[in-house]
Amino acid sequence: MRDRPVIEIEGLWTRFGNHVVHRDIDLSVERGEVMTLVGGSGSGKTTMLRQMLGLELPARGTVKVFGHSLHGTASEVLDQEVRSRWGVLFQNGALFSALSVYNNIALPMRELGTLDEALIRDMVIMKLAMVGIESRHAGKMPSELSGGMVKRIGLARALALEPDLLFLDEPTAGLDPDRSESFVKLIQQLRAQLGFTVVMVTHDLDTLVALSDRVAVLSDQRLIAIGSVKTIAAMNDPFINNFFGGERGHRALDALDGAVPAS
């Protein structure tokens with residue numbers, strides 16, 4: 001029997017005043033896949049991500065995660081059955097500047113209210129090791145970290161509760177090419193080990209090609225296409241042609257032809 005999708009979006013409309021962002025969108029994210037949202041500026045990629053997190057209310061339609069509607073379900077049910085099962089890596093890491101590396105990662109564990117500090121300490125050290133950060137950095141403050149370290153520690157915090165679902169908002173933004181490639185490889189490795197589902201927003205072609213199982217394209221208020229990277233890239237559409245066109249797009253697609261699949 002096929003598993004129920006991790007995320008189910010049906011008839012989604014998003015409106016800010018008279019401005020319509022999304023119009024009648026249906027989208028499902030299957031268990032274990034990496035689904036990437038792409039679109040031009042103002043297409044509503046980040047807005048849709050926020051709706052999947054329950055941070056914004058659609059004007060019409062439903063958003064379900066793990067079978068639960070994010071709106072109209074009791075908060076305590078969402079906390080236990082939904083929010084505790086996802087992790088979020090925000091753009092630029094979004095670490096709490098007043099908290100040390102250790103306390104940033106420990107925060108989600110402490111919020112559970114069921115773990116003692118000895119266990120939290122062991123789990124924080126384990127999460128740091130998972131993302132390639134030595135325990136000696138645990139006492140540092142975010143202002144003392146490089147951009148690459150902030151990303152890795154943000155990822156460690158996102159994985160603190162061993163989530164089934166991981167949201168990535170521009171995961172390689174601000175990283176130089178070498179650090180970006182290293183971070184992508186880390187996500188690939190952790191996904192292979194832990195088997196989580198991923199929803200990602202990115203404008204970076206190399207990241208998209210390396211990680212995505214399917215791509216959902218938002219344009220002109222609608223979901224105009226969904227499919228594999230190769231399927232999307234072959235479509236004749238102005239936005240898609242521009243997005244994948246040019247030297248960088250061809251280079252990324254050429255790399256896909258010689259790459260080992262992410263899953």
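Biologist: Which residues of helix α3 (residues 101-112) are buried?

Modeller: Glad you start there. The idea is to take a helix and list the residues with under 20% relative accessible area. In this predicted model, the list for α3 is V101, Y102, N104, I105, A106, P108 and M109.

Biologist: What covers the buried residues of α3?

Modeller: To read that, look for elements with heavy atoms within 4.5 Å of them. For α3, the cover includes two helices, α4 (117-130) and α5 (147-158).

Biologist: And what happens to the backbone just after α3?

Modeller: Check the sign of phi there. G113 takes a positive phi of about 75 degrees just after α3. You can find a similar entry for α1: G54 follows that helix, and its phi is positive, near 75 degrees.

Biologist: How many residues of α1 are buried?

Modeller: Helix α1 spans residues 45-52, and 6 of its 8 residues are buried, so it reads as mostly covered. Those buried residues are K45, T47, M48, L49, Q51 and M52.

Biologist: Let's follow one residue out of α4. Why does M130 count as buried?

Modeller: Here the cut-off does the work: buried means under 20% relative accessible area. M130, which is found in helix α4, has 19% relative accessibility, and therefore counts as buried.

Biologist: Which residues does M130 touch, not counting residues up to four places away in sequence?

Modeller: Setting those neighbours aside leaves the contacts made by the fold. For M130 they are L159, L186, L190 and L194. For a sense of distance along α4, M130 and I120 are 10 residues apart in sequence and 15 Å apart in space, C-alpha to C-alpha.

Biologist: Where does L190 lie, and is it buried or exposed?

Modeller: L190 lies in helix α6, residues 177-194. Its relative accessible area is 1%, so L190 is buried. Leaving aside neighbours within four places in sequence, L190 is in contact with M130, V131, L155, L159, G195 and F196. L159 is thus a contact of M130 and a contact of L190. Try a distance too: L190 and E162 are 28 residues apart in sequence, and their C-alpha atoms are 11 Å apart in space.

Biologist: Now the strands. Which way do the residues of β7 point?

Modeller: For a strand, sort the side chains by the face they point to, then check burial on each face. In β7, L165, F167 and D169 point one way while L166 and L168 point the other way, and all are buried. That fits the count for the strand: 5 of the 5 residues in β7 (residues 165-169) are buried.

Biologist: Which strands pair with β7, and in what sense?

Modeller: Count bridges and note direction. Strand β6 (residues 86-89) runs parallel to β7, and 4 bridges join them; W86 stands opposite L165. On to β8 (residues 197-201): this strand also pairs with β7 in the parallel sense, over 5 bridges, and the bridge partner of D169 is V201.

Biologist: What is the strand order in the open sheet of 4 strands?

Modeller: Write the order down, then find the ends. The order is β2-β1-β4-β5, with antiparallel pairing. The edge strands are β2 (19-29) and β5 (68-69), each pairing on one side only. Within that sheet, 7 bridges join β1 (residues 7-16) to β2, and F16 has H19 as its bridge partner.

Biologist: How many residues lie between the strands in the hairpin of β9 and β10?

Modeller: There are 2, and D220 takes a positive phi near 50 degrees in this hairpin. The antiparallel strands β9 (residues 214-219) and β10 (residues 222-227) are joined by 5 bridges, with L223 as the bridge partner of L218.

Biologist: Stepping back, how does the radius of gyration compare with that of a compact globule?

Modeller: Take the residue count and see what a globule would give. For 263 residues that is near 18 Å; the protein has 19 Å, which agrees. Its C-alpha atoms fill a box of roughly 55 × 45 × 40 Å along the principal axes. Overall there are 10 helices and 10 strands, and 49% of the residues count as buried.

Key. Residues numbered from 1 in each chain as written. Predicted model: local features only at pLDDT ≥ 70, side-chain atom pairs only at ≥ 80, totals over all residues. Heavy atoms only, no water. Rg over C-alpha atoms; globule rule 2.2 N^0.38 Å. Buried < 20%, exposed > 50% of the residue type's maximum accessible area, 1.4 Å probe, protein only. Pairing = 2+ DSSP bridges.
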